[in-house]
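The following exercises concern the fold, the nonpolar interior and several individual residues of one protein chain. Each task is followed by a solution worked in steps.

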Amino acid sequence: MLPVKSRLIAAAACVTLVGIVAFSAQRSIGPAKGILILDGGGTTAIVRDRFVELAGGAKARIVVLPTGVSALRFGEKNTILDPDWPRDRPEWSAYEAYLKQWLGTENVTVIHTRDRKVADSEDFVRPLRTATGVFLSAGNAGRYAQAFLDTRTQKELEALLARGGVIFGSSAGAIIQGSYTSARPS
């Protein structure tokens, strides 16, 4: 057994080493303003309600981006919607009606594209400029990255946070918000 002085020196060295490792580890950072809500999927009412509350309650202006999914099911009838279907299909209006009811606000806009040129256009990002909250659905985080990284859409999501807005991501919508996933190479 080591003498007390040696044990104290060894303990101090361990604490110092742990501190150095923790300090030098790559860190993840959040936005300077605004709020990110990261949900593992299967959104619960309490998480959804908190998002809506933070976005302005019944007066919230919410934009929904279903770009992460290849198809989604919604409502009591388990209606199927492929987000790449034309917007004049009845499933789209049913989905928007469902979202208004689910979120408890009439101010819901759904925008979707997989085309980076569209994602970089003024017309596409216009709803984001007045949004108080954005919901990024589940699916595949890579679809979000492929469509939106380094486009006006990403800039407008950052602007939403800078003005104190909230972004709620479920599953892939949460993953894409991570600084490791969305960070540009240095």
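**Exercise 1. Describe the secondary structure and overall burial of the chain.**

Solution. The model is a predicted one. Its chain contains 9 helices and 7 strands. Next, consider burial: 36% of the 186 residues count as buried. The accessible surface amounts to about 10,800 Å², and carbon and sulfur atoms account for 59% of that area. Finally, take the contacts between residues at least 6 apart in sequence: 73% of them join residues at least 24 apart.

**Exercise 2. Determine the strand order of the open sheet and identify which strands stand at its edges.**

Solution. The open sheet is built from 5 strands, and its order reads β1-β7-β6-β2-β5. The pairing is parallel. Strands β1 (35–39) and β5 each have a single partner strand, so one side of each lacks a neighbour in the sheet; these two are the edge strands. From one strand to the next, the twist averages 15 degrees.

The pairing at one edge can then be examined in detail. Strands β2 and β5 are joined in the parallel sense over 3 bridges. Within this part of the sheet, Val64 has Val110 of β5 as its bridge partner. Helix α3 lies across β2, β5 and β6 (133–136), and runs at about 140 degrees to β5.

**Exercise 3. Identify which elements supply the largest nonpolar core, and which of them gives the most residues.**

Solution. A general tendency provides the starting point: in soluble globular proteins, nonpolar side chains tend to be buried together. In this chain, the largest nonpolar core has 21 residues, and those with the most contacts inside it are Phe51, Ile62, Val64, Tyr95, Leu99 and Leu103. At least two core residues come from each of α2 (45–55), β2 (62–65), β3 (72–74), α3 (90–103), β5 (108–110) and β7 (166–170). The greatest contribution is that of α3, with 5 residues.

Leu103 serves as a specific case. Beyond residues up to four places away in sequence, Leu103 touches Arg48, Phe51, Val52, Ile62, Val64 and Val108. Another core, of 20 residues, lies apart from the largest one and includes Phe124, Ala141, Tyr144 and Ala172.

**Exercise 4. Classify Thr105 as buried or exposed, and describe its surroundings.**

Solution. Thr105 is located in the loop between α3 and β5. The cut-off for burial is under 20% relative accessible area. Thr105 has 2% relative accessibility and therefore counts as buried. A polar atom of the Thr105 side chain lies 3.3 Å from the backbone nitrogen of Asn107. With neighbours within four places in sequence set aside, the contacts of Thr105 are Gly57, Ala58, Lys59, Ala60, Ile62 and Lys100.

**Exercise 5. Assign Glu91 and Ala45 to their helices, and decide how each is classified by accessibility.**

Solution. Glu91 belongs to helix α3. Its relative accessibility is 16%, so Glu91 counts as buried. Outside residues up to four places away in sequence, Glu91 touches Phe74, Thr79, Ile80, Leu81 and Trp85.

Ala45, by contrast, is placed in helix α2. The relative accessible area of Ala45 is 40%, and this residue is therefore partly exposed. Although Ala45 and Trp102 are 57 residues apart along the chain, their C-alpha atoms are separated by 9.2 Å.

Key: Residues are numbered from 1 along each chain as its sequence is written. This is a predicted model: local features need pLDDT of at least 70, side-chain atom pairs count only at pLDDT 80 or more; totals for chains, interfaces and linings use all residues. Side-chain values use heavy atoms; hydrogens and water are left out. Helices (H or I, at least four residues) and strands (E, at least two) are DSSP runs, numbered from the N terminus. Buried means under 20% relative accessible area, exposed over 50%, partly exposed in between (1.4 Å probe, protein chains only). Contact means heavy atoms within 4.5 Å. Accessible areas come from the Shrake-Rupley method with a 1.4 Å probe; for residues, only the protein chains shown count as cover. A nonpolar core is a set of buried Ala, Val, Leu, Ile, Met, Phe, Trp, Tyr and Cys residues joined through side-chain atoms within 4.5 Å. Two strands pair if DSSP finds at least two bridges between them. Axes are lines fitted to C-alpha atoms, for helices over the stretch in contact, and angles run from 0 to 180 degrees between N-to-C directions. A polar contact is a pair of N or O atoms within 3.5 Å; within protein, one must be able to donate a hydrogen and the other to accept it, and residues adjacent in sequence count only if both atoms are side-chain atoms.
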